[in-house]
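Q: I am new to this structure and would like to learn how to read its features one at a time. Could we start with the ligand and work outward from there?

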Amino acid sequence: MTRRTGRRSYSAASLARHALSGHRCWPRAIPEDRPRSGYEVVIIGAGGHGLAAAYHLARDHGIRDVAVIDKGYLGGGNVTRNTAIVRSNYFLPARGDIADRSLELWEGLSEDLNFNVMFSQGGIINLAHSTSQLDDFARRANAMAIRGVPAELLSRDEVAALLPRLDISSSTRYPVVGGLLQRRAGTVRHDAVAWGYARAAASLGVDIVQNHEVTAITSEGGRVTGVVTPHGEIHADRVIAAVSAGSTRIAQAAGLTLPVESHVLQAAVTEPLAPVLHHVVTHGLVNFYVSQTDKGELLLGGNIDGYNTRIARGGPSPLEEAIRVLVSMFPSLSRVRLLRTWAGVVDMSMDGAPILSETPLGGFYLNTGWCYGGFKTTPAVGELLAEMVATGTTPPMAAPFALDRFASGRIVPEEGHGPKPWMYH
Ligand SMILES: Cc1cc2nc3c(=O)[nH]c(=O)nc-3n(C[C@H](O)[C@H](O)[C@H](O)COP(=O)(O)OP(=O)(O)OC[C@H]3O[C@@H](n4cnc5c(N)ncnc54)[C@H](O)[C@@H]3O)c2cc1C
């Protein structure tokens with residue numbers, strides 16, 4: 001029997017030989033490539049989006065002369081710093097369509113990549129704290145139903161049955177009146193997503209180049225011609241920038257100004273517990289979300305710190321608020337100890353929606369502005385970027401996210417996704 005692992009096939013005999021040699025001779029799963037002098041496509045940023053784009057370029061369009069170049073290590077950006085929530089419970093069709101397509105792709109991703117990304121569809125419950133908010137959730141559920149996406153409006157008793165540890169008494173800090181449930185939502189192990197895409201792309205011939213910061217974009221006659229790193233210039237017919245919080249600098253290097261701000265966003269995990277929470281739960285008044293990882297940790301996130309920065313280190317207040325909300329919701333968890341906190345720098349666009357777009361510089365494509373929520377759309381973003389670059393056209397699903405919408409006023413204002421700290425997730 002022969003087993004396929006991203007780059008090579010292994011026979012039973014070779015597996016046995018590796019086992020008997022103490023597993024010392026395995027080749028690297030993801031090779032450490034040095035860049036060549038030129039490629040058909042260069043992708044800046046080995047996050048989920050850049051790696052997924054490389055995978056789809058190679059697999060769906062046969063474009064394998066591709067390099068993904070990162071200033072640090074692959075997956076060192078937000079793809080592995082997020083709270084791993086994937087869902088498609090959006091109101092606006094533009095946001096919903098891309099998240100729905102991603103959910104479809106998440107469902108088959110482990111098989112596609114031959115890498116277990118640990119997609120866990122426990123469902124997401126958004127809590128409602130007033131009848132008007134429940135009305136708003138009903139409107140959202142109807143919008144989802146129109147897209148053919150199941151969602152369930154929950155009464156207070158139904159929420160209580162699904163979340164037995166939740167304090168639903170009327171004396172709690174934020175009394176709960178109901179909720180919205182999307183059963184197909186859940187979490188994905190985020191670092192597996194980076195490794196899985198990287199290994200699958202590398203196995204199709206894509207070069208993955210780490211520790212090469214792109215410092216400039218070269219162009220001639222209004223068309224991109226390549227990128228510059230401290231190690232030299234790399235030519236490219238087309239360039240995709242998928243660098244999240246690095247976007248404004250990269251765009252500047254291409255002569256563009258972006259309506260994007262950099263903000264710090266934090267997350268935390270507690271010590272591991274026996275299973276206590278089977279769903280992702282989001283608060284309806286404060287920006288707070290919690291789930292339980294496969295290891296048993298409670299994984300929590302809150303609001304951005306609220307000031308512009310490029311440093312992935314936040315202050316105590318957003319996490320203190322997140323913990324206060326957690327304890328008010330689940331008083332029985334008040335003695336649980338916090339184990340670890342971390343931060344990422346997120347790319348907040350002015351309407352809270354992403355920019356997935358060609359640019360005035362021919363052959364130069366931008367993917368940015370994902371704010372709190374770009375992880376969930378990783379698979380569809382990869383597919384769309386690859387199609388844009390391979391065909392030179394904008395797929396209908398990407399059209400609402402064009403860069404020129406900020407000039408024309410056709411913004412995509414899904415409530416609660418902009419850079420304003422008082423807005424909720
Ligand atoms: C704490 C936190 C919680 C979050 N929770 C969620 C969530 O639950 N669900 C969700 O959907 N989203 C969530 N997000 C958002 C999500 O993580 C991001 O939107 C998404 O991961 C962005 O993916 P990316 O591939 O574009 O960027 P990244 O993964 O950030 O990749 C960008 C890469 O570009 C590289 N780079 C930057 N500049 C350069 C340069 N000049 N040259 C070369 N390389 C460069 C970086 O090193 C980095 O590796 C969260 C984010 C944070 C920080």
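A: Gladly, and please keep in mind throughout that this is a predicted model. A good place to begin is with the elements around the ligand: α2 (48-61), β14 (260-270) and β18 (338-349) each supply at least two residues of the shell. In total, 39 residues surround the ligand, and the closest are G47, G77, G246, G344 and G374.

Q: What classes of residue make up the shell around the ligand?
A: The shell can be sorted by side-chain class, and here it holds 16 nonpolar, 18 polar and five charged residues.

Q: Where does the ligand lie with respect to the domains?
A: The way to read this is to ask which domains contribute to the shell. The domain assignment gives domain 1 (33-116 + 189-259 + 351-408) and domain 2 (124-186 + 262-349). Both of these domains give residues to the shell around the ligand, so the ligand lies between them.

Q: How should I read the contact of domain 1 with domain 2?
A: One can start from the centres, which for domain 1 and domain 2 are separated by 28 Å when taken over C-alpha atoms. The contact then takes 29 residues from domain 1 and 30 residues from domain 2. On the side of domain 1 that touches domain 2, the elements that give two or more residues are β5 (85-86) and α3 (93-113), and α3 gives the most, with four residues. By class, that side of domain 1 has 14 nonpolar, eleven polar and four charged residues.

Q: Is D100 in helix α3 buried or exposed?
A: Burial is judged by counting neighbours, and a residue is called buried if 20 or more other C-beta atoms lie within 10 Å of its own. D100, whose place is in helix α3, has 22 C-beta neighbours inside 10 Å and therefore counts as buried. Leaving aside its neighbours within four places in sequence, D100 is in contact with S88, R147 and V149. The C-alpha atoms of D100 and A185 are separated by 9.9 Å, although these residues are 85 residues apart along the chain.

Q: Why is strand β6 described as largely enclosed by the rest of the structure?
A: The same count can be applied along a strand. Five of the five residues of β6 (residues 124-128) are buried, so this strand is largely enclosed by the rest of the structure. I124, N126 and A128 point one way from β6, while I125 and L127 point the other way, and all are buried.

Q: Which strands pair with β6, and in which sense?
A: Pairing is read from the bridges that join two strands. β6 pairs with strand β8 (residues 178-182) in the antiparallel sense over five bridges, with I124 standing opposite Q182. Three bridges join β6 to strand β15 (residues 280-282), and these two run parallel, with I125 opposite V281.

Q: What do β11 and β12 form?
A: Strand β11 (residues 216-220) and strand β12 (residues 223-229) run antiparallel and are joined by five bridges. Together they form a hairpin with two residues between them, and G221 in the turn has a positive phi of about 55°. Within this pair, I217 stands opposite V227.

Q: Which residues touch the most other members of the largest nonpolar core?
A: Of its 122 residues, V42, I44, A54, A198 and I240 touch the most other members. Helix α6 (residues 190-203) supplies the largest share of this core, eight residues, and the core draws at least three residues from each of domain 1 and domain 2. Leaving aside its neighbours within four places in sequence, A198 is in contact with I30, A46, L51, L74 and I208.

Notes:
Residues numbered from 1 in each chain as written. Predicted model: local features only at pLDDT ≥ 70, side-chain atom pairs only at ≥ 80, totals over all residues. Near = placed C-beta within 6 Å. Nonpolar A, V, L, I, M, F, W, Y, C, P; charged D, E, K, R; others polar. Domains from an automatic or database assignment. Contact = placed C-beta atoms within 7 Å. Pairing = 2+ DSSP bridges. Core = buried A, V, L, I, M, F, W, Y, C linked by C-beta atoms within 7 Å. Buried ≥ 20, exposed ≤ 12 C-beta atoms within 10 Å, placed from the backbone.
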